[in-house]
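Colleague: Please go through the side-chain contacts and helix packing with me, one question at a time.

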Amino acid sequence: MFSGKELKDYTKLVLSIGVNLQKGQGLEIACPVERRELAHALTQTAYEMGAKIVRVRWDDEVIDKLNFENAQTDVLTKIPKWLVESKEELVKEGFCYVAIAADNPQAFKSVPTKKLSSYYQAKSKALKKFSDQVMSNGIRWCVVSVPTKEWAKQVFPKSRAPEKDLLNAIAKTMRLDHADPLLAWKEHINLLDKRAEYLNQMNFEYLHFKNSKGTDLKVGLAIDHLWLSAKEKAKDGIEFVANMPTEEVFTAPHRLKIDGVVHSALPLCENGQIIDNFTLQFKKGKIVSFSAEKGYDVLKNIIETDKGTLSLGEVALIGKNSPISKSGILFYNTLFDENASCHLAIGKSYPTTVKNGDKLSTAELKRKGVNDSVEHVDFMIGTPDLSVTGISYDGKETVIFKDGEWII
Ligand code: ZN
Ligand code: ZN
């Protein structure tokens with residue numbers, strides 16, 4: 001685990017750049033029990049910054065696995081009211097929220113996929129109001145990560161010190177190796193902002209993705225779409241960064257204007273199970289067929305969750321020279337892997353990715369092509385030979401990505 005100055009820098013980054021904790025504000029942290037020292041350090045720094053109260057929700061995969069193996073599905077899928085209420089209360093009470101994503105990618109490998117997805121679908125449905133609020137920036141939130149034992153072993157299976165190796169890799173992605181990490185983050189955010197600005201000026205109608213894997217996909221963009229990057233504005237007007245690290249600029253696809261085939265570029269870990277080498281075929285915005293070499297049932301359950309999981313909710317661009325991509329490490333963790341590769345997301349769009357989207361109703365958003373669902377599952381499509389062409393409303397084509405990298 002981080003210690004000394006590195007740990008202090010890390011907690012400051014998460015709380016100042018990430019959730020941008022304000023004096024007198026409450027903070028909730030979701031943290032794996034295995035990394036309790038991180039929750040302690042975050043709590044300490046939060047109080048130094050003037051937090052009103054810090055609450056921690058402990059995640060424990062061992063207990064979760066025992067529950068999945070032993071409890072009946074009808075019991076598992078009864079999501080307790082207190083859980084739903086406690087989440088919705090965070091928004092009401094103006095808390096900010098830090099989630100530490102450090103799951104063992106195969107934690108629930110032995111649990112029947114059907115049982116697992118029944119639970120996660122029930123949970124997503126019960127927490128829909130909260131996740132809608134999160135996705136429209138009704139709360140300032142940030143997802144970050146630190147190594148855990150089982151996860152590290154899978155990222156560095158041959159290493160004698162996998163946790164240390166993963167820690168070093170994460171430190172780099174968090175720019176902790178810079179003399180002034182805070183300044184390094186500010187510069188990085190400005191660069192991403194410029195790319196988003198360019199894409200907003202271009203106002204493309206479509207993006208066309210192509211590579212040698214067989215991806216040939218035209219993704220229409222929502223009407224009045226906005227490209228966003230690291231820095232976002234919450235409903236209270238205060239800026240925050242929702243993912244650390246982040247390398248992407250992203251927007252909302254048009255849910256009725258997606259056609260062609262897309263091949264996954266990296267494995268996807270979803271709720272403790274892995275999906276790999278998969279293909280989705282789209283027609284008029286809907287998935288009409290799909291295949292997967294590994295984890296077909298996991299993918300099937302995601303796609304069949306609700307009407308919205310038949311379409312896409314996000315398109316994001318990341319160059320192959322991003323530091324995470326250049327590290328060549330497959331993290332088996334979407335927080336990192338999605339920042340190494342252009343990606344799409346099955347399911348809900350961020351309402352903030354269209355102009356004034358946080359003030360529009362679901363029906364109004366739908367008319368602009370913005371997708372709604374209880375799910376939002378990112379998957380990676382960027383390969384070193386990926387090309388992306390922007391197509392304007394007048395049919396003019398502009399190549400924006402060549403051989404997996406920005407050319408603008
Ligand atoms: Zn994304
Ligand atoms: Zn996403």
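The turns below cover aromatic pairs, charges over rings, salt bridges and one helix pair in this predicted model.

Colleague: How many aromatic pairs does the count come to?
Modeller: Rings pair if their centres lie within 6.5 Å. By this rule the count of aromatic pairs comes to 12.

Colleague: Are the planes of phenylalanine 250 and tyrosine 350 stacked, tilted or edge-to-face?
Modeller: The ring centres of phenylalanine 250 and tyrosine 350 are 5.7 Å apart, and their planes stand at 65 degrees. Planes over 60 degrees apart count as edge-to-face. The pair of phenylalanine 250 and tyrosine 350 is therefore edge-to-face.

Colleague: How many residues apart are phenylalanine 250 and tyrosine 350 in the chain?
Modeller: Phenylalanine 250 belongs to strand 9 (residues 249-251). Tyrosine 350 is in the loop between strand 15 (343-347) and helix 14 (362-367). Both residues are buried, and the pair links distant parts of the chain, 100 residues apart.

Colleague: Which class does the pair of phenylalanine 401 and tryptophan 406 fall in, stacked, tilted or edge-to-face?
Modeller: The centres are 4.8 Å apart and the planes of phenylalanine 401 and tryptophan 406 make 55 degrees. Planes under 30 degrees apart count as stacked, and those over 60 as edge-to-face. Since 55 degrees meets neither cut-off, the pair is tilted.

Colleague: Is tryptophan 406 buried or exposed?
Modeller: Buried means under 20% relative accessible area. Its partner phenylalanine 401 has 0% and is buried. Tryptophan 406 has a relative accessible area of 8%, so tryptophan 406 is buried.

Colleague: Over which ring does the charged end of arginine 175 sit?
Modeller: Two cases can be given here. Lysine 218 lies over the face of tyrosine 206, 4.7 Å from the ring centre. The charged end of arginine 175 is 5.4 Å from the centre of the ring over which it sits, that of tryptophan 185.

Colleague: Which residue forms a salt bridge with glutamate 88?
Modeller: A search of the whole structure finds 21 salt bridges. Glutamate 88 is in helix 5 (residues 81-92), and its partner, 41 residues apart from it, is in helix 7 (residues 128-135). The N to O distance is 3.9 Å, and the partner is lysine 129.

Colleague: Is glutamate 88 buried or partly exposed?
Modeller: Its partner lysine 129 has a relative accessible area of 48% and is partly exposed. Buried means under 20%. Glutamate 88 has 17%, so glutamate 88 counts as buried.

Colleague: What separates lysine 153 and glutamate 150 in helix 8?
Modeller: Lysine 153 forms a salt bridge with glutamate 150, with the closest N and O atoms 3.3 Å apart. Lysine 153 is partly exposed at 40%, and glutamate 150 is partly exposed at 36%. The two are three residues apart in helix 8 (residues 149-155), so what separates them is about one helical turn.

Colleague: Which residue of the salt bridge between arginine 35 and glutamate 37 is buried?
Modeller: The side chains of arginine 35 and glutamate 37 meet at 3.4 Å, N to O. Glutamate 37 has 30% relative accessibility and counts as partly exposed. At 9%, the buried residue is arginine 35.

Colleague: Is helix 1 oblique or roughly parallel to helix 10?
Modeller: Helix 1 (residues 4-18) and helix 10 (residues 181-202) have axes 10 Å apart and pack at about 40 degrees. Helix 1 passes helix 10 in a right-handed crossing. Angles under 35 degrees count as roughly parallel, so at about 40 degrees helix 1 is oblique to helix 10.

Notes
Residues are numbered from 1 along each chain as its sequence is written. Chains are lettered from A and ligands numbered from 1 in the order in which they are written. This is a predicted model: local features need pLDDT of at least 70, side-chain atom pairs count only at pLDDT 80 or more; totals for chains, interfaces and linings use all residues. Side-chain values use heavy atoms; hydrogens and water are left out. Rings of Phe, Tyr and Trp (its six-membered ring) pair if their centres lie within 6.5 Å; planes under 30 degrees apart count as stacked, over 60 as edge-to-face and the rest as tilted. Helices (H or I, at least four residues) and strands (E, at least two) are DSSP runs, numbered from the N terminus. Buried means under 20% relative accessible area, exposed over 50%, partly exposed in between (1.4 Å probe, protein chains only). A charge sits over a ring if NZ of Lys or CZ of Arg is within 6 Å of the ring centre and within 35 degrees of the ring normal. A salt bridge is a side-chain nitrogen of Lys or Arg within 4 Å of a carboxyl oxygen of Asp or Glu. Axes are lines fitted to C-alpha atoms, for helices over the stretch in contact, and angles run from 0 to 180 degrees between N-to-C directions. Angles under 35 degrees count as roughly parallel, over 145 as roughly antiparallel, 65 to 115 as roughly perpendicular and the rest as oblique. A crossing is left-handed if the near helix is turned anticlockwise from the far one by less than a right angle, and right-handed if clockwise.
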